[in-house]
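Colleague: I would like a close look at one loop residue and its surroundings. Please keep it brisk and give the cut-offs.

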Amino acid sequence: MTVVASYEDVFGQRCVDIIERADGCFALKEFRRDPEDGGGWTLVRDHGPRTYSGRAEAMAAAIRLAPWLAV
């Protein structure tokens, strides 16, 4: 798996990674960063079981699944 794009919110507290899997499909992982955790990223949702055929399709899905991306 390779992270091909990573999108953070304007506060640097949320992030969605678009991942290209070995089979050529794309998947999503959503993270959050809390100051009390030392600033590291914590996985919130692994959307990995659902895959997409291209980056654009994955990005559209990311906006639906993490509405803060569209802001």
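Modeller: What follows starts at Asp9 and works outward to the sheet and the helix.

This is a predicted model: local features need pLDDT of at least 70, side-chain atom pairs count only at pLDDT 80 or more, and totals for chains, interfaces and linings use all residues. Residues are numbered from 1 along each chain as its sequence is written, and side-chain values use heavy atoms, without hydrogens and water.

Asp9 sits in the loop between strand S1 (2-8) and strand S2 (14-20). Strands (E, at least two residues) and helices (H or I, at least four) are DSSP runs, numbered from the N terminus. Asp9 is buried, at 14% relative accessible area; buried means under 20%, exposed over 50%, partly exposed in between, with a 1.4 Å probe and protein chains only. A polar atom of the Asp9 side chain lies 2.8 Å from the backbone nitrogen of Gly12. Beyond its neighbours within four places in sequence, Asp9 is in contact (heavy atoms within 4.5 Å) with Arg14 and Trp68.

Arg14 leads into the sheet. Its bridge partner in S3 is Arg32. S2 and strand S3 (residues 26-33) are joined by 7 bridges and run antiparallel; two strands pair if DSSP finds at least two bridges between them.

The open sheet has 4 strands, ordered S1-S2-S3-S4, with antiparallel pairing. S1 and strand S4 (41-46) are the edge strands, each pairing on one side only. From one strand to the next, the twist averages 30 degrees.

Helix H1 (residues 55-65) lies across S1, S2, S3 and S4, at about 40 degrees to S3. Axes are lines fitted to C-alpha atoms, for helices over the stretch in contact, and angles run from 0 to 180 degrees between N-to-C directions.

Conventions. Polar contact = N/O pair within 3.5 Å; in protein donor to acceptor, adjacent residues only side chain to side chain.
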